[in-house]
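Open the model in a viewer and keep the sequence panel beside it. The stops below say what to select next and what is there.

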Amino acid sequence: MLLGEGWDKLQYFTATPHLTNREAEVLQLVTLGRSAKDVALELRIAPCTVERYIENVRLKTRTRNRAHIIAIAMRDDWFEGTGSYSAPIRLAAM
């Protein structure tokens, strides 16, 4: 298969998924850059519970990993203000 072949058949989630209130709360905090440990401390739950919520969201959104979930959430602006980040990307000098 050539690179790029079949990409048009990939079906990524593009609408806001049906998340529980807790899943949405955890995802919003993770989208803001918080670690699972920080989220756990803030919500007073175990870090492994945070990881479970993130995994549930990943399965519901059919995304590959946490970074992919965050990219989709920001792209589609699931949480007010997360999709409006427009600072220029700076490349490191080589």
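A residue is called buried when its relative accessible area is under 20%, exposed when that area is over 50%, and partly exposed in between. Arg75, at 49% relative accessibility, therefore counts as partly exposed. Keep in mind throughout that this is a predicted model.

**The whole chain**

Start with a cartoon view of everything. The chain has 4 helices and 0 strands, so the order of elements from the N terminus reads α-α-α-α. Of the 94 residues in the chain, 27% are buried. The chain exposes about 7100 Å², and carbon and sulfur atoms supply 55% of that area. Among contacts with a separation of 6 or more, 57% are between residues 24 or more positions apart.

**The nonpolar core**

Now select Val26, Leu27, Val30, Val39, Val50, Ile54 and Trp78, and show their side chains. The largest nonpolar core has 17 residues, and these seven touch the most other members. Each of α1, α2, α3 and α4 supplies at least two residues of this core.

Stay with Val50 for a moment. Which residues is Val50 in contact with, leaving aside its neighbours within four places in sequence? They are Val26, Ala36, Val39, Ala40 and Ile45.

**Helix α1**

Select residues 21-31, which form helix α1. Pick out Glu23, which lies in this helix. Is Glu23 buried or exposed? Its relative accessible area is 5%, so Glu23 is buried. Show the residues around Glu23: not counting those up to four places away in sequence, Glu23 touches Tyr53, Asn56, Val57 and Lys60. With one of these, Lys60, there is a polar contact from side chain to side chain, at 2.7 Å.

Next, select Arg22 and Glu25 in the same helix. These two form a salt bridge, with 3.0 Å between the closest N and O atoms. Arg22 and Glu25 are 3 residues apart in α1, which means that about one helical turn separates them. Glu25 has 34% relative accessibility and counts as partly exposed. Arg22, with a relative accessible area of 28%, is partly exposed as well.

**More charged pairs**

Side chains of opposite charge can pair when their charged atoms come close. The structure holds 6 salt bridges, among them the pair just visited in α1. For another, select Arg34 and Glu42: the closest N and O atoms of this salt bridge are 2.5 Å apart. Arg34 is partly exposed, with a relative accessible area of 32%. Glu42, at 45% relative accessibility, is also partly exposed.

**The loop between α2 and α3**

Move on to Arg44. Where is Arg44 placed? It sits in the loop between α2 (36-43) and α3 (47-61). Arg44 is not a glycine, yet its phi is positive, at about 60°. Color this residue by accessibility if the viewer allows: the relative accessible area of Arg44 is 78%, so Arg44 is exposed.

**Helix α4, from its cap to the segment after it**

Select residues 66-75, the span of α4. Begin at the N-terminal end, with Asn65. Asn65 caps this end of α4, and a side-chain oxygen of Asn65 lies 3.2 Å from the backbone nitrogen of Ala67.

Within α4, select His68, Ile69, Ile70, Ile72 and Ala73, which are buried. What covers the buried residues of α4? The cover includes α1 and α3.

At the other end of the selection, show Arg75 and Asp76. A salt bridge joins Asp76 to Arg75, with the closest N and O atoms 2.8 Å apart. Asp76 is partly exposed, at 26% relative accessibility, and Arg75 is partly exposed at 49%.

Finish with Asp77, in the segment after α4. Asp77 has a positive phi of about 50° although it is not a glycine. Its relative accessible area is 38%, so Asp77 is partly exposed.

Terms used:
Residues numbered from 1 in each chain as written. Predicted model: local features only at pLDDT ≥ 70, side-chain atom pairs only at ≥ 80, totals over all residues. Heavy atoms only, no water. Salt bridge = Lys/Arg side-chain N within 4 Å of Asp/Glu carboxyl O. Buried < 20%, exposed > 50% of the residue type's maximum accessible area, 1.4 Å probe, protein only. Contact = heavy atoms within 4.5 Å. Areas by Shrake-Rupley, 256 points an atom, 1.4 Å probe, with all protein chains shown as cover. Polar contact = N/O pair within 3.5 Å; in protein donor to acceptor, adjacent residues only side chain to side chain. Core = buried A, V, L, I, M, F, W, Y, C linked by side-chain atoms within 4.5 Å.
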